[in-house]
Amino acid sequence: MILPIIGYGDPVLRKVGEALTPEHPNLEEIIANMYETMYNAYGVGLAAPQVGLPLRLFVINTTPFSDDEDLADEKQQELKGFKRTFINAKMIKEEGPEWSFNEGCLSIPDVREDVYRNPTITIEYCEEDFVMKTEVFDGIIARVIQHEYDHIEGILFTDKISTLKKRLIQKKLKNILEGKTFQEYRMKFFGKKGR
């Protein structure tokens, strides 16, 4: 089922997600709905708070990035079909010289900004089987994970840009808050009148 994506300004996007247990009601259905919602919005990642659930859960599929001809064949192959569910993720390490990448977010439509992040991460998480594992990721996969991980920590990519850039996008953010934006996917806006 395609869920509405929660727009910028909703308090749920600022909550630190709660840990999940294997007994969490309808967890399989929630995950399936999140993938369906993400694909419907042409996203590469979606965190539970973006569908109104303050949980430590996010899903990613980096396949759309595999079409980038500027990337080496090996990197394109790595991105193609990289699909993963992250439950109860905990960032262990972020390392290497920070690099810039133009990021966007389904909860903050029509806003894209360069964000600096470390290229390599070590993260602990489990998939649907709830077996904890620790893995190292780098490049674009690491970046997508970092972006979604921030969501379960109540952090948005706009928190990571300069004060000047924040001022420049203030009007756009206010419009999103009030629902004065049009997207081809369903959204729910916190400040929209008659909500």
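The largest pocket in this structure, which is a predicted model, has a volume of about 400 Å³. Its lining is made up of 22 residues, and those closest to the centre of the pocket are Val44, Glu103, Gly104, Cys105 and Arg112. If we ask which elements give two or more residues to this lining, the answer is strand β5 (99–105), strand β6 (108–117) and helix α3 (139–152). In chemical character the lining residues divide into eleven nonpolar, six polar and five charged.

Helix α3, one of the elements that line the pocket, can be looked at in its own right. With 14 residues counted at 1.5 Å a residue, α3 should span 20 Å, and the distance of 21 Å between its end C-alpha atoms agrees with that expectation. Since 14 of the 14 residues of α3 are buried, the helix is largely enclosed by the rest of the structure. After α3 comes Gly154, and the phi angle of this glycine is positive, near 80 degrees.

From the helix we can turn to the strands and the way they pair. Strand β3 (residues 57–61) runs antiparallel to strand β4 (residues 83–95), and five bridges join them; within this pairing, Ile60 stands opposite Arg84 in β4. Strand β4 also pairs with strand β7 (residues 120–126), again in the antiparallel sense, over six bridges, and here Glu95 is found opposite Thr120 in β7.

Charged side chains make further contacts, and the count of salt bridges comes to 13. One of them is formed by Lys165 and Glu113, whose closest N and O atoms are 3.9 Å apart. Because Lys165 lies in helix α4 (residues 163–177) while Glu113 lies in strand β6, this pair ties together parts that are 52 residues apart in sequence. The surroundings of the two partners can be described as well: Lys165 is partly exposed, with a relative accessible area of 31%, whereas Glu113, at 13% relative accessibility, counts as buried, because buried means under 20%.

Another salt bridge brings together the side chains of Glu127 and Lys133, with a distance of 2.6 Å from N to O, and Lys133 is partly exposed at a relative accessible area of 28%. A further one links Glu178 with Lys174, where the closest N and O atoms are 2.8 Å apart; Glu178 counts as partly exposed at 21% relative accessibility, and Lys174 also counts as partly exposed, at 43%. Elsewhere, salt bridges that share partners join Glu103, Arg117, Arg143, Asp150 and Lys160 into one network, and Glu103 is also among the residues closest to the centre of the largest pocket.

Finally, the backbone deserves some attention. Most residues other than glycine have a negative phi. Which way does the phi of Asn26 go, positive or negative? The phi of Asn26 is positive, near 55 degrees, although this residue is not a glycine. Asn26 is placed in the loop between β1 (5–6) and α1 (27–40), and at 52% relative accessibility it counts as exposed, because exposed means over 50%. Asp110 gives a second example, with a positive phi near 65 degrees in a residue other than glycine. Asp110, however, lies in strand β6, and at 52% relative accessibility it too counts as exposed.

How values were computed: Residues are numbered from 1 along each chain as its sequence is written. This is a predicted model: local features need pLDDT of at least 70, side-chain atom pairs count only at pLDDT 80 or more; totals for chains, interfaces and linings use all residues. Side-chain values use heavy atoms; hydrogens and water are left out. Two strands pair if DSSP finds at least two bridges between them. Helices (H or I, at least four residues) and strands (E, at least two) are DSSP runs, numbered from the N terminus. On a 1 Å grid over the protein atoms alone, a cavity is a set of points where a 1.4 Å probe fits but cannot get out, and a pocket is an open set with protein on both sides within 12 Å along at least five of seven lines; lining residues have an atom within 4 Å of a point. Grid points are joined across faces, edges and corners, and a volume is the space filled by probe spheres set on the points. Ala, Val, Leu, Ile, Met, Phe, Trp, Tyr, Cys and Pro count as nonpolar, Asp, Glu, Lys and Arg as charged, and the others, Gly among them, as polar. The expected span of a helix is 1.5 Å times one less than its number of residues. Buried means under 20% relative accessible area, exposed over 50%, partly exposed in between (1.4 Å probe, protein chains only). A salt bridge is a side-chain nitrogen of Lys or Arg within 4 Å of a carboxyl oxygen of Asp or Glu.
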